[in-house]
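Trainee: I would like to work through this structure slowly, one question at a time. Please help me to reason from the numbers to the words we use for them.

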Amino acid sequence: MLLPLMALFASCSSESYETGDGSLSYMVADFVEAETDASSNVVSIMTDRDERLWLTRSVKLEWAEKPDTAYRSLIYYNKVKDDNGTYVAEPVGATQVLTPTVTDVANIKDGMKTDPVIFESAWKSHNGKYINLDLSVKTGTVDGKYGQQVVGMTCEGIDTRSDGSRLVRLTLYHDQASVPEYYSAKLYMSIPVKYLPIELSAGDEVQVSMTTYGGEVVKTFGF
C-alpha cells in the first residue's frame, strides 16, 4: 500500500497537550501503539517493550479516527505513578507514524519510484514487531497548497541461503512528483513485521534499501 503524504504534512504531523504538571524532567519519547476506546479517544499505550500504560486522561488525535484500534505513534509523555503506585502516562504530545503494508514491486502499476529522502536512523523495535525508520523528505507548497507526495515499502525479492535462512529485500518507494523541495519535513515509518510476505524464523534477515540525497543507504536487521 502506497501512502500519500499531503494530509500528513498539512494537518497531522504533531499534536501537543498541556500536562498540568510543568516539569519535563521525566518526559519519555516512545514509539508505541496508541489504543483508542469506543469513542475513538486514545486511552492507553503499548510500548515496544510490551508495557501497557494507561493515560492520565484520554486524548483525541485527529488521525486516530477508528474506535477500539491501535495506531502507531511517537508519543511524548511523563511517566508517573498514580495514587495506587502504578505507572501511568501523562500525555505531552503525539506524532503520527506511518505503517505501510509491503507491496510486491511487480504490483506497482506506474513503476517503481525511488526519489531521495533524508535518512536519520533505523532500528528494530525491542519486541521485534517493527522496523522503524526516522526520515525526512523535502517538501513545500505552491499557492499555499501541498502537492501529492507518496511513500511506501516494496519487496524486491526473498533470497534463501545455503543454511536455509532467508533474506527479505525491501526498498523504500518515494515519489516526489512535482512537490517543490523547499524545506525538510520529518517522516516516521514503522514497517510491521507481520506485513512481510513470509513469517520470519530465527536466522532470517530483513534488508531495507533507501535512496538518499547522499546515495543509497542499506540497513539489515536480524531476527
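**Loops, pairs and spaces**

Trainee: Buried or exposed: which word fits Ser40?

Mentor: Before answering, bear in mind that this is a predicted model, where local features need pLDDT of at least 70 and side-chain atom pairs count only at pLDDT 80 or more, while totals for chains, interfaces and linings use all residues. Residues are numbered from 1 along each chain as its sequence is written, and side-chain values use heavy atoms, with hydrogens and water left out. Buried means under 20% relative accessible area, exposed means over 50%, and partly exposed lies in between (1.4 Å probe, protein chains only). Ser40 has a relative accessibility of 7%, so the word is buried.

Trainee: What is the phi of Ser40?

Mentor: Ser40 lies in the loop between E3 and E4, where strands (E, at least two residues) and helices (H or I, at least four) are DSSP runs numbered from the N terminus. Although Ser40 is not a glycine, its phi is positive, at about 70 degrees.

Trainee: Asp68 has a positive phi too; is Asp68 buried or exposed?

Mentor: Asp68, which is not a glycine either, has a phi of about 50 degrees and belongs to the loop between E5 and strand E6 (70–81). Its relative accessibility is 61%, and therefore Asp68 counts as exposed.

Trainee: Which side chain makes a polar contact of 2.9 Å with the side chain of Asp48?

Mentor: Asp48 sits in the loop between E4 and E5, and its relative accessible area of 11% makes it buried. A polar contact is a pair of N or O atoms within 3.5 Å; within protein, one atom must be able to donate a hydrogen and the other to accept it, and residues adjacent in sequence count only if both atoms are side-chain atoms. At 2.9 Å, the partner of Asp48 is Arg72.

Trainee: Which other side chain does Arg72 reach by a polar contact, at 3.1 Å?

Mentor: Arg72 is in strand E6 and is buried, with a relative accessible area of 4%. Contact means heavy atoms within 4.5 Å, and, not counting residues up to four places away in sequence, Arg72 touches residues including Phe31, Trp63, Tyr130 and Asn132. The side chain that joins Arg72 at 3.1 Å is that of Asn132.

Trainee: How are the rings of Phe31 and Trp123 arranged?

Mentor: Rings of Phe, Tyr and Trp (its six-membered ring) pair if their centres lie within 6.5 Å, with planes under 30 degrees apart called stacked, over 60 edge-to-face and the rest tilted; by this rule there are three aromatic pairs. The centres of the Phe31 and Trp123 rings are 5.2 Å apart and their planes stand at 85 degrees, so this pair is edge-to-face.

Trainee: How many residues apart are Phe31 and Trp123?

Mentor: Phe31 belongs to strand E3 and Trp123 to strand E9, so that the pair in question, described above as edge-to-face, links distant parts of the chain. Phe31 is buried at 10% relative accessible area, whereas Trp123, at 30%, counts as partly exposed. Along the sequence, the separation of Phe31 and Trp123 is 92 residues.

Trainee: What volume does the second largest pocket have?

Mentor: On a 1 Å grid over the protein atoms alone, a cavity is a set of points where a 1.4 Å probe fits but cannot get out, a pocket is an open set with protein on both sides within 12 Å along at least five of seven lines, and lining residues have an atom within 4 Å of a point. Grid points are joined across faces, edges and corners, and a volume is the space filled by probe spheres set on the points. Phe31, Asp48 and Trp123 are among the lining residues of this pocket, whose volume is about 180 Å³.

Trainee: Which strand supplies the largest share of the lining of the largest cavity?

Mentor: The structure holds one cavity of 30 Å³ or more, and the largest cavity contains about 60 Å³ of space. Of its 10 lining residues, Leu55, Val59, Ile75, Pro91 and Ala94 lie nearest the centre. Strands E4 (42–47), E5 (52–59) and E7 (87–96) each supply at least two lining residues, and the largest share, three residues, comes from E7.
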